[in-house]
Amino acid sequence: MQSFHSLCRQFGHILNGEPHIEHGVCSVSIKRNLRVAIQGRPSRGVGMEEVMFESLDQNGIALNMAEVAILPEEVPLFTKKLVDQGIIISALHNHWIFTKPNILYIHFQSVEPPLTFARKTAAALSVLR
(Lines give C-alpha, C1' and ligand atoms only; values in the text may rest on other atoms or scores of the structure.)
Protein backbone atom coordinates (compact mmCIF):
# COMPACT_ATOMS: atom_id res chain seq x y z
CA MET A 1 0.00 0.00 0.00
CA GLN A 2 1.30 3.48 -0.84
CA SER A 3 2.32 5.93 1.85
CA PHE A 4 -0.17 8.33 3.42
CA HIS A 5 1.86 11.29 2.09
CA SER A 6 1.83 9.94 -1.46
CA LEU A 7 -1.90 9.25 -1.26
CA CYS A 8 -2.51 12.76 0.07
CA ARG A 9 -0.52 14.29 -2.83
CA GLN A 10 -2.63 12.33 -5.33
CA PHE A 11 -5.81 13.38 -3.50
CA GLY A 12 -4.78 17.04 -3.85
CA HIS A 13 -3.86 16.60 -7.50
CA ILE A 14 -7.28 15.14 -8.37
CA LEU A 15 -8.97 18.06 -6.60
CA ASN A 16 -6.61 20.61 -8.16
CA GLY A 17 -5.62 21.91 -4.74
CA GLU A 18 -2.70 21.95 -2.34
CA PRO A 19 -2.82 19.05 0.15
CA HIS A 20 -1.93 19.44 3.82
CA ILE A 21 -1.43 16.81 6.50
CA GLU A 22 -2.09 17.56 10.14
CA HIS A 23 -2.84 15.11 12.98
CA GLY A 24 -3.38 12.23 10.55
CA VAL A 25 -5.85 14.14 8.37
CA CYS A 26 -5.17 14.89 4.71
CA SER A 27 -7.04 18.01 3.66
CA VAL A 28 -7.27 20.07 0.51
CA SER A 29 -8.57 23.64 0.55
CA ILE A 30 -10.07 24.95 -2.65
CA LYS A 31 -11.13 28.57 -3.10
CA ARG A 32 -14.18 29.27 -5.24
CA ASN A 33 -14.19 32.56 -7.08
CA LEU A 34 -17.34 33.88 -5.42
CA ARG A 35 -17.74 37.59 -4.87
CA VAL A 36 -19.57 37.80 -1.58
CA ALA A 37 -20.45 40.68 0.71
CA ILE A 38 -21.55 40.22 4.30
CA GLN A 39 -23.47 43.17 5.75
CA GLY A 40 -22.34 45.16 2.73
CA ARG A 41 -18.63 44.45 3.30
CA PRO A 42 -16.61 42.33 0.85
CA SER A 43 -15.43 39.01 2.25
CA ARG A 44 -12.55 36.94 0.89
CA GLY A 45 -13.04 34.20 3.48
CA VAL A 46 -16.35 33.00 2.09
CA GLY A 47 -16.26 30.45 -0.70
CA MET A 48 -13.72 28.02 0.70
CA GLU A 49 -14.09 24.32 0.14
CA GLU A 50 -12.45 21.76 2.35
CA VAL A 51 -12.13 18.14 1.23
CA MET A 52 -10.40 15.64 3.52
CA PHE A 53 -9.81 12.05 4.49
CA GLU A 54 -8.67 10.33 7.68
CA SER A 55 -8.82 6.99 9.50
CA LEU A 56 -7.21 5.16 6.59
CA ASP A 57 -7.24 1.42 7.24
CA GLN A 58 -4.94 -1.33 5.98
CA ASN A 59 -7.32 -2.00 3.07
CA GLY A 60 -7.06 1.59 1.78
CA ILE A 61 -10.53 2.60 2.98
CA ALA A 62 -10.93 5.96 4.74
CA LEU A 63 -13.48 8.31 6.22
CA ASN A 64 -13.90 11.06 3.60
CA MET A 65 -15.60 14.39 4.29
CA ALA A 66 -16.13 17.70 2.55
CA GLU A 67 -17.66 21.12 3.06
CA VAL A 68 -18.40 23.26 0.01
CA ALA A 69 -19.75 26.79 -0.34
CA ILE A 70 -22.63 26.72 -2.80
CA LEU A 71 -25.15 29.11 -4.29
CA PRO A 72 -28.83 28.20 -3.81
CA GLU A 73 -29.37 27.78 -7.55
CA GLU A 74 -26.50 25.24 -7.66
CA VAL A 75 -28.03 22.98 -5.00
CA PRO A 76 -30.27 20.76 -7.20
CA LEU A 77 -27.65 19.76 -9.76
CA PHE A 78 -24.79 19.48 -7.25
CA THR A 79 -26.76 17.34 -4.81
CA LYS A 80 -27.99 15.11 -7.64
CA LYS A 81 -24.40 14.59 -8.79
CA LEU A 82 -23.35 13.61 -5.25
CA VAL A 83 -26.31 11.29 -4.57
CA ASP A 84 -26.00 9.61 -7.98
CA GLN A 85 -22.43 8.67 -7.01
CA GLY A 86 -23.51 7.22 -3.65
CA ILE A 87 -22.20 10.06 -1.49
CA ILE A 88 -24.08 10.90 1.72
CA ILE A 89 -25.15 14.53 2.16
CA SER A 90 -25.05 15.25 5.88
CA ALA A 91 -25.96 18.95 6.03
CA LEU A 92 -27.02 21.96 3.98
CA HIS A 93 -27.12 25.26 5.85
CA ASN A 94 -25.92 28.83 5.96
CA HIS A 95 -22.96 30.06 8.00
CA TRP A 96 -23.54 33.79 7.64
CA ILE A 97 -26.60 35.99 7.37
CA PHE A 98 -26.95 39.19 5.37
CA THR A 99 -24.82 37.84 2.51
CA LYS A 100 -25.08 38.88 -1.12
CA PRO A 101 -25.38 36.59 -2.90
CA ASN A 102 -26.86 34.08 -0.48
CA ILE A 103 -24.27 31.39 0.26
CA LEU A 104 -25.00 27.94 1.67
CA TYR A 105 -22.60 25.26 2.84
CA ILE A 106 -23.08 21.62 1.96
CA HIS A 107 -21.38 18.84 3.92
CA PHE A 108 -20.97 15.36 2.47
CA GLN A 109 -19.16 12.16 3.36
CA SER A 110 -18.33 8.58 2.47
CA VAL A 111 -16.30 5.60 3.60
CA GLU A 112 -14.33 4.37 0.61
CA PRO A 113 -10.86 4.74 -0.95
CA PRO A 114 -9.86 8.43 -0.76
CA LEU A 115 -8.96 8.70 -4.44
CA THR A 116 -12.41 7.39 -5.37
CA PHE A 117 -13.99 10.07 -3.17
CA ALA A 118 -11.69 12.73 -4.68
CA ARG A 119 -12.75 11.76 -8.21
CA LYS A 120 -16.45 11.81 -7.27
CA THR A 121 -16.02 15.17 -5.56
CA ALA A 122 -14.15 16.62 -8.55
CA ALA A 123 -16.96 15.44 -10.85
CA ALA A 124 -19.58 17.09 -8.63
CA LEU A 125 -17.54 20.31 -8.36
CA SER A 126 -17.42 20.50 -12.16
CA VAL A 127 -21.12 21.43 -12.27
CA LEU A 128 -20.57 24.56 -10.16
CA ARG A 129 -20.02 27.89 -11.87
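Select Ser43 to start: this residue is buried, with a relative accessible area of 19%. Buried here means under 20% relative accessible area, exposed means over 50%, and partly exposed is in between (1.4 Å probe, protein chains only). Ser43 sits in strand β4, residues 41–43. Helices (H or I, at least four residues) and strands (E, at least two) are DSSP runs, numbered from the N terminus.

Before you click on, a word about what is on screen. This is a predicted model, where local features need pLDDT of at least 70, side-chain atom pairs count only at pLDDT 80 or more, and totals for chains, interfaces and linings use all residues. Residues are numbered from 1 along each chain as its sequence is written, and side-chain values use heavy atoms, with hydrogens and water left out.

Stay with Ser43 and show what surrounds it. Its side chain reaches the backbone nitrogen of Gly45 at 3.3 Å. Leaving aside neighbours within four places in sequence, Ser43 is in contact (heavy atoms within 4.5 Å) with Val36, Ala37 and Ile38.

**The sheet**

Now colour the strands. An open sheet of 6 strands has the order β1-β2-β5-β6-β9-β7, with antiparallel pairing. Two strands pair if DSSP finds at least two bridges between them. β1 (18–22) and β7 stand at the edges with a single partner strand each, so one side of each has no neighbour in the sheet. On average, neighbouring strands are turned by 20 degrees against each other, direction ignored.

Walk in from β1. It is joined to β2 by 5 bridges, and Glu18 has Ser29 in β2 as its bridge partner. Next, 6 bridges join β2 to β5, where Ser29 stands opposite Glu50. From β5, another 5 bridges lead to β6; look there for Asn64, the bridge partner of Phe53.

Pause on β5 and show its side chains, which alternate. Glu49, Val51 and Phe53 point to one face and are buried, while Met48, Glu50, Met52 and Glu54 point to the other and are not.

**Ser110, in strand β9**

Jump to Ser110, which is found in β9. At 7% relative accessibility, it counts as buried. Its side chain makes a polar contact with the side chain of Glu112 at 2.8 Å. A polar contact is a pair of N or O atoms within 3.5 Å; within protein, one must be able to donate a hydrogen and the other to accept it, and residues adjacent in sequence count only if both atoms are side-chain atoms. Add Leu63 to the selection: Ser110 and Leu63 are 47 residues apart in sequence and 6.1 Å apart in space, C-alpha to C-alpha. Not counting neighbours within four places in sequence, the contacts of Ser110 are Ala62, Leu63, Asn64 and Phe117.

**Helix α2**

Select residues 75–84. Which residues of α2 are buried? They are Val75, Phe78, Thr79 and Leu82. Look down the axis of α2 and these buried residues fall within an arc of 95 degrees, so they line one face of the helix. That arc is taken from the directions from the helix axis to the C-beta atoms. On the other side, Pro76 and Asp84 are exposed.

What covers the buried residues of α2 includes β6 (62–70), β7 (88–93), β9 (104–112) and α3 (114–125). Just after the helix, Gly86 takes a positive phi of about 80 degrees.

**The cores**

Next, find Phe11, Leu15, Phe78 and Phe108: these have the most contacts inside the largest nonpolar core, which has 26 residues. A nonpolar core is a set of buried Ala, Val, Leu, Ile, Met, Phe, Trp, Tyr and Cys residues joined through side-chain atoms within 4.5 Å. The largest share, 5 residues, comes from α3. Zoom in on Phe78, which touches Val68, Ile70, Ile106, Phe108, Ala124, Leu125, Val127 and Leu128, residues up to four places away in sequence not counted. A second, separate core of 8 residues includes Val36, Ile38, Leu71 and Tyr105.

**Last stop: Arg129**

Finish in the segment after α3, where Arg129 lies. Is Arg129 buried or exposed? Arg129 is exposed, with a relative accessible area of 69%. Residues up to four places away in sequence aside, Arg129 touches Arg32, Leu34, Leu71 and Glu74.

Notes: Axes are lines fitted to C-alpha atoms, for helices over the stretch in contact, and angles run from 0 to 180 degrees between N-to-C directions.
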